[in-house]
Amino acid sequence: MAVLSGVIRVMEKAARKAGGRLRRDFGEVEHLQVSRKGPADFVSKADRIAERTLYDELLAARPDWGFLLEEAGEIKGDETKPRFVIDPLDGTTNFLHGMPHFAVSIAVLVANAILTQLLLSVLGP
């Protein structure tokens, strides 16, 4: 169980870092609602930046694990190791429309089964 709690701590640290950026970006999206194209492009940029933050943080902690990323796709790791599944901005429609209900989602797959998962509500407590 100690190994699992270490993975959860790594996931939480990465999610909080990416969530901080999404929190700042969300404040800007609320003011960009006039143009449909502007907010849509902005959300895509927010997605990519959050995904990159998560990838960098998790890769540093678990360099031999694989990744399944919403934007970048699959990045292979050691076949004998778990892999992270990441949705950097779960609730994109809410984010786009200024609704404060969105999250960072990370799961760990082992042999195609979920071992653990973390869902961080970015604007939550």
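Helices are DSSP runs of H or I spanning at least four residues and are numbered from the N terminus. In the predicted model examined here, helix α1 covers residues 2–29 and includes A14. The relative accessibility of A14 is 0%, and A14 therefore counts as buried, the cut-off for this class being under 20%. Beyond the residues up to four places away in sequence, A14 touches L54, E57 and L58. A14 and A50 lie 36 residues apart along the chain, and a distance of 9.6 Å separates their C-alpha atoms.

A second buried position is provided by S105, which has a relative accessibility of 13%. This residue belongs to strand β4, formed by residues 103–110. The side chain of S105 is joined to that of D90 by a polar contact of 2.8 Å. When neighbours within four places in sequence are set aside, D90 also appears among the contacts of S105, together with V85, I86, D87, L118 and L119.

Strand β4 contributes to the largest pocket as well: both β4 and β2 (73–75) supply at least two residues each to the lining of this pocket. The volume of the largest pocket is about 290 Å³. Its lining comprises 15 residues, and those nearest the centre are D78, E79, K81, P82 and R83. Classified by residue type, the lining of the largest pocket consists of six charged, five nonpolar and four polar residues.

Definitions and conventions
Residues are numbered from 1 along each chain as its sequence is written. This is a predicted model: local features need pLDDT of at least 70, side-chain atom pairs count only at pLDDT 80 or more; totals for chains, interfaces and linings use all residues. Side-chain values use heavy atoms; hydrogens and water are left out. Buried means under 20% relative accessible area, exposed over 50%, partly exposed in between (1.4 Å probe, protein chains only). A polar contact is a pair of N or O atoms within 3.5 Å; within protein, one must be able to donate a hydrogen and the other to accept it, and residues adjacent in sequence count only if both atoms are side-chain atoms. Contact means heavy atoms within 4.5 Å. On a 1 Å grid over the protein atoms alone, a cavity is a set of points where a 1.4 Å probe fits but cannot get out, and a pocket is an open set with protein on both sides within 12 Å along at least five of seven lines; lining residues have an atom within 4 Å of a point. Grid points are joined across faces, edges and corners, and a volume is the space filled by probe spheres set on the points. Ala, Val, Leu, Ile, Met, Phe, Trp, Tyr, Cys and Pro count as nonpolar, Asp, Glu, Lys and Arg as charged, and the others, Gly among them, as polar.
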